[in-house]
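Here are some short exercises to work through with the model open beside you. Try each one before you read its solution.

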Amino acid sequence: MSKKNILILPGDEVGPEITTEVIKILDFFNESKMTNISYEFGDIGGASLDKYNKPITDETLERARKSDAVLLASVGTPKYDNNVRELKPEHGLLVLRKYLNLFINIRPIFVFNTLLDYSSIKSDLINDLDIVIIRELIGDVYFGEPRGFKDVNGDRVGYNTMLYSESEVQRITKFAIDISIKRNKRITSIDKANVLECSQLWRQTVDRMMNDHNDINLEHMYVDNAAMQIIKNPKQFDVILTPNLFGDILSDAASMLTGSIGLLPSASLSDSTGMFEPIHGSAPDIAGQGIVNPIAMILSLGMMFEYTFNRQDLSKLIKKSVDDVLQSGCFTKDLSKDDFITTSEMGDKVLERIKKLC
Ligand code: IPM
Ligand code: MG
């Protein structure tokens, strides 16, 4: 493998703890010459606010752009909850997504069969579950202008703009089509077209794109119904194509099918680069206690190998090792309240398994 360089952003709260575990694996791959990836660190979110009074600096953005991929742990800390928007930790993440043009967000929802009984959903509804959520990541009400606060007849108002252009919908739909062709040729597109113009444009654009793909089974679903269907019968879905805001909400809901949000990775892609991060947030309530589950972060490393470095061998190796460790009955506290191993023990177990399988 030719020499690559990645930027690691540990971020806030549990972020540094899960980063430590992923680095153990990366170091092993490098030491055993399976990869040649140098890495440097940067700050984002509260960690960046602490040092620079900004949730991300221009220098970090530039380093992210120059690297072959970005590995990010988690962003957000209550310390800065009352800051104005531009000075909130999460703003750093949104600026970075936009700066790198990461319009594609891939959130695979799969169940490790050992964990069937850990989900709050009956096991026959989720065994062998394998869904992928394709979330548009840099448009919608997250970024729409105008936005802000104003005074209307003496009443303070907060407002945002939900907005999509045809070209934005087209490029994410194209990606969903390509993925669905490699899978089961089934797409469920999410909107709220019974109420919102933005969703009507979304639906019309998806329909037009699908005219050339009669072999793909497309269904449109209102977001409220989708939230219900994901819980009621998750296996009806294969590829879920969704705007930014609805995707944010549905992916948290879908993650619960799998037993713990601490298990799921994600990839955010542009046409030329990628950022990889767990779906879960910074979990301030458990930070610093050595109990966070590092698996979502470890699997995010796997997604980096799959999508940016075309090393399916390594992504499969990582996933298989995680599966084996879970099968051996080792769980972090999110999955097993009374009998659990620590974050770092989990990292060591996965690494040990990787070494055995190599
Ligand atoms: C996510 C997160 C982010 C989002 C936050 C941290 C800005 O919830 O990646 O799902 O809303 O996109
Ligand atoms: Mg979210």
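**Exercise 1.** In which loop is Asn53 found?

*Solution.* Start with the loop: Asn53 is found between helix 2 (46-52) and helix 3 (58-66), where helices are DSSP runs of H or I with at least four residues, and strands are runs of E with at least two, numbered from the N terminus. Next, look at the backbone: phi of Asn53 is near 65 degrees, a positive value in a residue other than glycine. Most residues other than glycine have a negative phi.

Before you go on, note that this is a predicted model, where local features need pLDDT of at least 70, side-chain atom pairs count only at pLDDT 80 or more, and totals for chains, interfaces and linings use all residues. Residues are numbered from 1 along each chain as its sequence is written, chains are lettered from A and ligands numbered from 1 in the order in which they are written, and side-chain values use heavy atoms, with hydrogens and water left out.

**Exercise 2.** Locate the cis peptide bond that leads from Glu145 to Pro146.

*Solution.* Go to the loop between strand 5 (130-136) and strand 6 (148-152), which holds Pro146. The bond from Glu145 has omega near 0 degrees.

**Exercise 3.** Which residues surround ligand 1, and which side chains offer it polar atoms?

*Solution.* First, list the shell (a heavy atom within 4 Å): Glu90, Leu93, Arg97, Arg107, Arg135, Tyr142 and Asp248. Second, find the element that gives the most: helix 4 (residues 89-99), with three residues. Third, check the polar contacts (N or O pairs within 3.5 Å): oxygen atoms of ligand 1 lie 2.7 Å from a side-chain N or O atom of Arg97, 2.8 Å from one of Arg135 and 2.5 Å from one of Tyr142.

Terms used
A polar contact is a pair of N or O atoms within 3.5 Å; within protein, one must be able to donate a hydrogen and the other to accept it, and residues adjacent in sequence count only if both atoms are side-chain atoms.
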